[in-house]
Structure formats: C-alpha cells, structure tokens
Amino acid sequence: QAKSKGKNNFQFYRSNHSNHIFERLEIEADLRKAIGQQEFELYYQPKINLQSGRISGTEALIRWKHAEKGMISPAEFIPLAEETGLIIPIGEWVLRQACIQNKKWQDDGLDPMVVSVNLSVRQLYQPNLVDMVQDILRETDLDPYYLELEITESMIMDTERGLKVLHELKDLGVQISLDDFGTGYSSLHYLKDFPINKLKIDQSFVRNSTEDKNDEAIIKTIIVMAHQLDFEVIAEGVETVEHLGLLQRNLCNEAQGYLFSKPLPPKDFITNFDRMKQIFDQNGISEDDSR
Ligand code: C2E
Ligand code: MG
Ligand code: MG
Ligand code: MG
C-alpha cells in the first residue's frame, strides 16, 4: 500500500485502521532488520563557536535509508524504536559510529571537535549504559572530552536514577547537554542539580526571535541564566543572519542551523568547512561590535 504511493509519500499513520496496524508491524519488522542490512547512516550538522567562527562541534543525526520506502526521518521512527525497545541496539550503533567518525577526523588532522549524540529515555535507563559508553570510548580510543550526550529535560525530571546515571557519565569525562531547552517541564529546581555542561535553546524560540519580542526575551534570559549557572549555551535552528546577530549580541556561545549547514553525510561535512567559515565572516559581528 505505502509502496504504491511512491518513495516520498511514505507515512506510518493512515486513516484506515487495519492498514495502520499492518504497516506498523511491517515497519517494525523492517526496523529490526535495518542495522544488519546497514540501512542507517549518520549525518552531521556543525556547531559554530560564535566568538571565533570555528567549528567547535557536530551533532550526529540518524537517517534511515529504507530499501523500498526511501529516506525515513528520525522523527518518525525513533518513537517506534523507543516503544519496541529497538532503540537500545540502534542507540549503541549510533554511539559507536559517532565515536569512530570523530576519532577518524582527528586522525586525519582536523582540529578536534566535540561530537554530540542524542540519547533517548530508554537508553538513559538501560542498566549498562555507562559501561557501554566507557567500552566504546576505549574501543575507539576517543578522548571522552570529545563526546557529548544530548538529553532532554523530561527524561530526568524527578527521578533519582536518572540523576545518578548522569553523574556517572559525567565522571567518565563526557559532556552532557540539555536539548530542546525550554520545551519540557523546565524546573529550575532540578536544573541547579543537573550535572550538565550546556543548555541548548530549542529552535521554536529561535524561529521568531527577531520578530517576536517575547521569544527574544526568553532567549536573552536563557543565555544569562545559563552563564550564571556556569553552563554554556547553544542555539539550534539558526536560519537567518538576523538570528545570528541577536545571538552574538547576547553572547550565546554556539549556534547550529541551516544558516550554516544542514546535517550532511561525513564526506560533505568536511568539504563544507570553508563555506561555513565564510558565512560567519561575512555575517557575524566582530568581537568589538558585540560588546
Ligand atoms: P534534535 O536533537 O533536537 O535535532 C535537531 C533537529 O532539527 C534535527 O532534525 C535537525 O536536522 C533539525 N534542524 C537543524 N537545524 C535546523 C534549522 O535551522 N531549521 C530547522 N527547521 N530544523 C533544523 P532531525 O535530524 O530530523 O532529527 C529530529 C529529532 O530526532 C532530533 O531532534 C532527535 O530528537 C531525534 N534523533 C535524531 N537522531 C537521533 C539518534 O541518533 N538517536 C536518538 N535517540 N534520537 C535522534
Ligand atoms: Mg539534539
Ligand atoms: Mg534539539
Ligand atoms: Mg528538537
């Protein structure tokens, strides 16, 4: 059914109920086989340091190239992977792959970057997560400093266990960043106890920040608060030169978004470095202006 609609029209959820169940089972079976059939790929999106204009890091984002259905977005299959528990092997694959790639870039002589990997809630509570991360770091010989884990607020709210795992991860030397910040149940009470390094301002605030005074106010406030708490701040979804200016004037540390680059396969990621630097040099404000 889905196949006849063509590659780009694939959808999980259809109005017809029996189709829906059938397709779900089908996609679940496909997801189970996807690792073995090497249908996953990691794309990488740069993070730009807003003082130096250098590429300080990169986020690994998974892509599923389904044999018949074409590219399927993580927003569609990650929830299913979570429900079925398949996120555990998929997540391990992502971590290992990202570390291998980052180590390879370092060995190739690039300036070292921090690679960030998104963790899902099931992974945070899998019993052997900390050992697994440690094993992968050893196996790939990547310095833990160059691995960052992105988690969301809602994953750790009020659970002692979550906090404990985060502390153990931090003790390994990896960095931890709070993704989509501002969209969960932001509790300042928990924020002060989280062993994190960085807040990532959700793209929904960035999108209208140069037209909507309230979004602008929220962004400014998050940046000041983060710095007061000794966290770094990054903004995601930076699409325009105006976004960039606002963030720089308010001393945001890093930016990530389509203005600089979409997520790219590893080979294209590297060849885009010069172009990204150019975008920064042409549009970024110099340090003097930003004071
Ligand atoms: P996220 O971690 O918040 O990632 C940011 C998403 O915003 C990515 O979508 C990225 O491609 C997109 N994006 C980046 N810059 C811009 C921009 O300037 N404008 C707009 N409109 N969008 C931008 P993507 O790659 O489709 O990933 C969606 C979500 O899927 C991620 O949100 C993350 O929650 C999840 N995800 C992706 N890869 C993984 C993974 O390996 N493991 C887990 N557990 N989740 C993943
Ligand atoms: Mg993320
Ligand atoms: Mg995010
Ligand atoms: Mg997001």
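# Notebook: two magnesium ions and ligand 1

I began with one side-chain pair, Lys200 and Glu59, and found them joined by a polar contact of 2.7 Å. I note at the outset that this is a predicted model, and I read every value below in that light. Lys200 is found in strand E7, which covers residues 198-201. I then looked up how far Lys200 is covered by the protein, and its relative accessibility of 0% puts Lys200 among the buried residues, since buried means under 20% relative accessible area.

**First metal site.** Glu59 led me to the magnesium ion that is ligand 2, because Glu59 is one of its protein donors, through OE. The other donors I listed are Asn118 through OD1, Glu150 through OE and Asp179 through OD, and the set lies 2.0 to 2.2 Å from the ion. I wrote down the spacing of these donor residues along the sequence as E-x58-N-x31-E-x28-D. Asn118 belongs to strand E4 (residues 114-118) and Glu150 to strand E5 (residues 147-152), so this pair ties together parts of the chain that are 32 residues apart in sequence.

Are Asn118 and Glu150 buried or exposed? Asn118 came out as partly exposed, with a relative accessible area of 30%, whereas Glu150, at 1% relative accessibility, counts as buried.

**Second metal site.** I next turned to the magnesium ion that is ligand 3, for which I found the coordinating atoms on Asp179 (OD), Asp180 (OD) and Glu236, the last of these entered twice through OE, at 2.1 to 2.7 Å. The donor residues of ligand 3 follow the spacing D-D-x55-E in sequence. Here too I found that distant parts of the chain are linked, with Asp180 in strand E6 and Glu236 in the loop between strand E8 (232-235) and helix H10 (241-249), 56 residues apart. For accessibility I noted that Asp180, at 25%, counts as partly exposed, while Glu236 is buried with a relative accessible area of 8%.

Which residue coordinates both magnesium ions, and how far apart are the ions? I found that Asp179 coordinates both, and that ligand 2 and ligand 3 are 3.9 Å apart.

**Ligand 1.** I then looked at the surroundings of ligand 1 and found 21 residues around it, the closest being Arg63, Asn118, Gln203, Glu239 and Tyr258. Asn118 had already appeared in my notes as a donor of the magnesium ion that is ligand 2, and here an oxygen atom of ligand 1 is 2.8 Å from an N or O atom in the Asn118 side chain. For Arg63, I recorded 2.9 Å between an N or O atom of its side chain and an oxygen atom of ligand 1. Asp180, which I had met at the magnesium ion that is ligand 3, places a polar side-chain atom 3.1 Å from an oxygen atom of ligand 1. Taken alone, ligand 1 exposes 800 Å², and the protein buries 82% of that.

Where does ligand 1 sit, and which elements supply its shell? The space that ligand 1 takes is the largest pocket. Strand E2 (55-66), helix H2 (74-84) and strand E6 (175-181) each supply at least two residues of the shell, and the largest share, four residues, comes from E2.

**Two loops.** Last, I looked up some loop residues, beginning with Gln38, which lies in the loop between helix H1 (17-34) and strand E1 (40-49). Gln38 has a positive phi of about 55° although it is not a glycine, and with a relative accessible area of 70% Gln38 is exposed. Gln37 has its place in the loop between H1 and E1 and is partly exposed, at a relative accessible area of 46%. I also noted that the C-alpha atoms of Gln37 and Ala67 are separated by 9.2 Å, with the two residues 30 apart along the chain.

A positive phi, near 65°, also appears at Leu251, a residue other than glycine. Leu251 lies in the loop between H10 and strand E9 (254-255), and its relative accessible area of 44% makes Leu251 partly exposed.

Technical notes
Residues are numbered from 1 along each chain as its sequence is written. Chains are lettered from A and ligands numbered from 1 in the order in which they are written. This is a predicted model: local features need pLDDT of at least 70, side-chain atom pairs count only at pLDDT 80 or more; totals for chains, interfaces and linings use all residues. Side-chain values use heavy atoms; hydrogens and water are left out. Donors are N, O and S atoms within 2.8 Å of the metal (3.2 Å for Na, K and Ca); water is not among the atoms, so sites may look incomplete. Buried means under 20% relative accessible area, exposed over 50%, partly exposed in between (1.4 Å probe, protein chains only). A residue is near a molecule or strand if one of its heavy atoms lies within 4 Å of it. A polar contact is a pair of N or O atoms within 3.5 Å; within protein, one must be able to donate a hydrogen and the other to accept it, and residues adjacent in sequence count only if both atoms are side-chain atoms. Accessible areas come from the Shrake-Rupley method with a 1.4 Å probe; for residues, only the protein chains shown count as cover. On a 1 Å grid over the protein atoms alone, a cavity is a set of points where a 1.4 Å probe fits but cannot get out, and a pocket is an open set with protein on both sides within 12 Å along at least five of seven lines; lining residues have an atom within 4 Å of a point. A molecule sits in a cavity or pocket if more than half of its atoms lie within 2 Å of its grid points.
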